[in-house]
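Okay everyone, thanks for coming. Let me put the structure up on the screen, and then we'll walk through it together.

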Amino acid sequence: MRKLINETGIDLGVCYYPEHWDRALWAEDLDRMLEAGIGTVRIAEFAWSLIEPREGEYTYEFFDSFLDLAQQKGMQVIFCTPTATPPAWLTEKYPEVLNADMDGHLYRHGSRRHYNYNSPVYREKTRNIVEKSASHYGSHPAIVGWQLDNEFNCENDNFFSDSDTAAFRRFLQERYQTLEALNEAWGTVFWNQTYTEWEEIYVPRRTNTNSVNPHQVLDYYRFVSDSVNSYAKLQADIVRKYKKPEDFITTNGMFSNIDYQRMVRESLDVLTYDSYPDFGYALDGYNSADPMKDRWWSRNLAEVRAVSPNFGIMEQQSGANGWNTRMEAPSPRPGQLTLWTMQSIAHGADYISYFRWRTCTFGTEIYWHGILDYSGRENRRLREVREVSEKLKFLQEIAGAKYVAKVGIVKDYDNIWDARQDRWHSRVDSVSQDALFVVLQQTHTPFDYVYMENHMDSESLKQYDVLFYPHACILTEERMKVLEDYVAAGGKLVMGCRTGYKDLSGRCVMDYLPGLAAKLTGTDIPEYSFVAPDERPVTVEWEGTKFEAAVFNDLLASAGDSAQVLGTYTAGSYADTPALIRNRFGRGEAYYFGGAFAEDTVRVFLEKLGVAEPFGDIISLPEGCELALREKDGRRYLFVLNYKAEQAEIELKAKLYDLFNHREEAGRQTLEKYGVRVYRIGI
């Protein structure tokens, strides 16, 4: 059995850079980490030159020394492949490995993540460094896991090198087989874009209108994801040959234009995330009126959980943010380091690694603080890490417990990528996604993100009482069959405006809208429109309750004997037109709502569908607190997190066991500012 994220314990780690410090500090640092309850370090993600200082010349002494010391001290190690920062000798001799901007200008050596995934030379050099690293270090007893690269697609999630154009052509040839099929899918007859040779096709390039064929861009995002996944698999296949059977393979972070479900299937044992809630307080763009701030990171953690139900945090906020050029944010306030750690654990993290141990005294990240400041002196943050370590002793029984939710928000990568390049799509989707998260948080209604994949069946959906699929502009017959099976079995599905009007190429369909969703929702859409600025807000009335139909309005008509109009527009040019239809389908119900989901809209749906505040009979708490539930072997654990800089009054309506205070509690309780409680339901 592997030693981390193995469903038997919740552990602390830290990111460490032995190359940044005199060797005389290593032993002292490891001793201090262990004393603070930190048992694992991550190393080597930016250290290619310490293994291959010159092309074809390999040396292992540096990390041999550190790994042997770690073993001697009893410190576990996560070892990284160092491919996020190719060395100067490589980029100077082989500039083709560099990424480029949309105009073809190369990103030069001097920062990080300046390579492209598709350079044959870079893939060859990657094979070499990963083979040499894994074959030499793979059997070392101190190593318990491997991290591939560092933060795939961070800094740049678009790639415009010559190698990318060549690879894009190969990707399209495999996808479409013929130019005729590609021209049809991309609608190249529009604006005379028809291709007669594969060599005429490039990755998106700048145009005089700054608009590129939208169907080409959609396929380009798919191509970028394919490139990342292929590159990750290249590394994982090599590491898997040499690592010990119990050691895991991971990568860290979540970034755009990557299908992470595929990455886990093909390359990873578990995904780890880099959580920096302090960006909620960043100096640039801080919004005092935003009620979420650091709580937005719970949305990110829900995304991680959709890929790895139990996961790790490879970089957890421990100090102030900041490069010398950007990203300034303050130090965590007393209690926030603990709060953010527990935020991650509440959502399914069984390993928390803080970034970083010592704050670097040189380089771009001199203001990206770790647990210790430049001097390494004892400080408040280190004391708080010790306190976290003590708290974790009482949470070990939660390891492996799964986050539990009865509400799901359905997503798929085709629609995510389409919304990225289509303003009509993104305008409705961004409003709905934000409102759903905010209201689900404020009503203490746990939720999951659920990713639709063509190979899935409806069984995994049946755990949810209600599913929101807000704006599935792109629909496929395979996905609709899964949704129909879910509803027929008794589920409730809510869909919003702009559903079903595109195919997989992003072309608008000529069916009556909502296209493939018409049968399930019992809906016809004779007309639609953006909400005119002088008619905002447009409201809908549903059984005496009024709420907003934001951004865009589908003007509906019922279609079929089982379809019923529940709500109509109440003002504007479309007053009295149907805005909400419920269709009974099998044992369940499908709802089609003609707008985007504003916050008041989400509240109405949650209440009328009976899923708001599912633990209201057990606990009452203010909106400033988050509620999360993990469950294991029939035992349920409620996490209560107070994000406010003031005390919160909560009420336990039943006897719950407080894992930190080791006693049963009931009635009114006071939660300190940034405070956390973990309650076990039932002994």
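So, Y674: buried or exposed? Its relative accessible area is 4%, and buried means under 20%, so Y674 is buried. Keep in mind that this is a predicted model. You'll find Y674 in the loop between β26 (663–671) and β27 (676–681). Its backbone is a bit of an oddity too: phi of Y674 is near 55 degrees, a positive value in a residue other than glycine. For background, most residues other than glycine have a negative phi, and most peptide bonds are trans.

V551 also has a positive phi, about 70 degrees, and V551 is not a glycine either. Look for V551 in the loop between β16 (545–550) and β17 (552–558).

Now for the peptide bonds. F355 and R356 are joined by a cis one, with omega at about -10 degrees. R356 sits in the loop between β8 (349–355) and α11 (380–392). There's another cis bond between L513 and P514, where omega is about 10 degrees. P514 belongs to the loop between β13 (492–495) and α15 (518–521).

Let's zoom out. How many helices and strands does the protein chain have? The count is 16 helices and 27 strands. The C-alpha trace spans about 75 × 75 × 45 Å along its principal axes. A compact globule with 683 residues would have a radius of gyration near 26 Å, and this chain has 26 Å, so the two agree. Of those 683 residues, 60% count as buried. And if you take the contacts with a separation of 6 or more, residues 24 or more positions apart account for 73% of them.

On to the sheets. One is an open sheet of eight strands with parallel pairing, in the order β5-β4-β3-β2-β1-β8-β7-β6. At its edges are β5 (248–250) and β6 (272–275), each with a single partner strand, so one side of each has no neighbour in the sheet. On average, neighbouring strands here are turned by 25 degrees against each other, ignoring direction. Inside that sheet, four bridges pair β3 (residues 76–80) with β4 (residues 143–147) in the parallel sense, and V77 has I143 as its bridge partner in β4.

Another open sheet has 10 strands and mixed pairing, in the order β11-β10-β12-β13-β20-β19-β18-β15-β16-β21. Its edge strands are β11 (447–451) and β21 (596–597), which pair on one side only. Within it, β10 (residues 407–411) runs parallel to β12 (residues 466–469), and three bridges join them. One residue to click on is I409, whose bridge partner in β12 is F468.

Which helix lies across β10 and β11? That's α9 (residues 296–307), running at about 50 degrees to β11. Helix α9 also lies across β6 and β7 (311–317), and there the angle to β6 is about 170 degrees.

Next, a helix pair. α5 (residues 162–176) and α6 (residues 179–186) pack at about 95 degrees, with their axes 9 Å apart. That makes α5 roughly perpendicular to α6. At the contact, F168, L172 and Y176 from α5 meet A181, L182, A185 and W186 from α6. Those residues divide into seven nonpolar, no polar and no charged.

Last stop: K125, in helix α4 (residues 120–137). Its relative accessibility is 7%, so K125 counts as buried. Leaving out residues up to four places away in sequence, K125 touches W48, E55, L90 and Y94.

Note on methods
Residues are numbered from 1 along each chain as its sequence is written. This is a predicted model: local features need pLDDT of at least 70, side-chain atom pairs count only at pLDDT 80 or more; totals for chains, interfaces and linings use all residues. Side-chain values use heavy atoms; hydrogens and water are left out. Two strands pair if DSSP finds at least two bridges between them. Helices (H or I, at least four residues) and strands (E, at least two) are DSSP runs, numbered from the N terminus. Contact means heavy atoms within 4.5 Å. Axes are lines fitted to C-alpha atoms, for helices over the stretch in contact, and angles run from 0 to 180 degrees between N-to-C directions. Angles under 35 degrees count as roughly parallel, over 145 as roughly antiparallel, 65 to 115 as roughly perpendicular and the rest as oblique. Ala, Val, Leu, Ile, Met, Phe, Trp, Tyr, Cys and Pro count as nonpolar, Asp, Glu, Lys and Arg as charged, and the others, Gly among them, as polar. The radius of gyration is taken over C-alpha atoms; the globule rule is 2.2 Å times the number of residues to the power 0.38. Buried means under 20% relative accessible area, exposed over 50%, partly exposed in between (1.4 Å probe, protein chains only).
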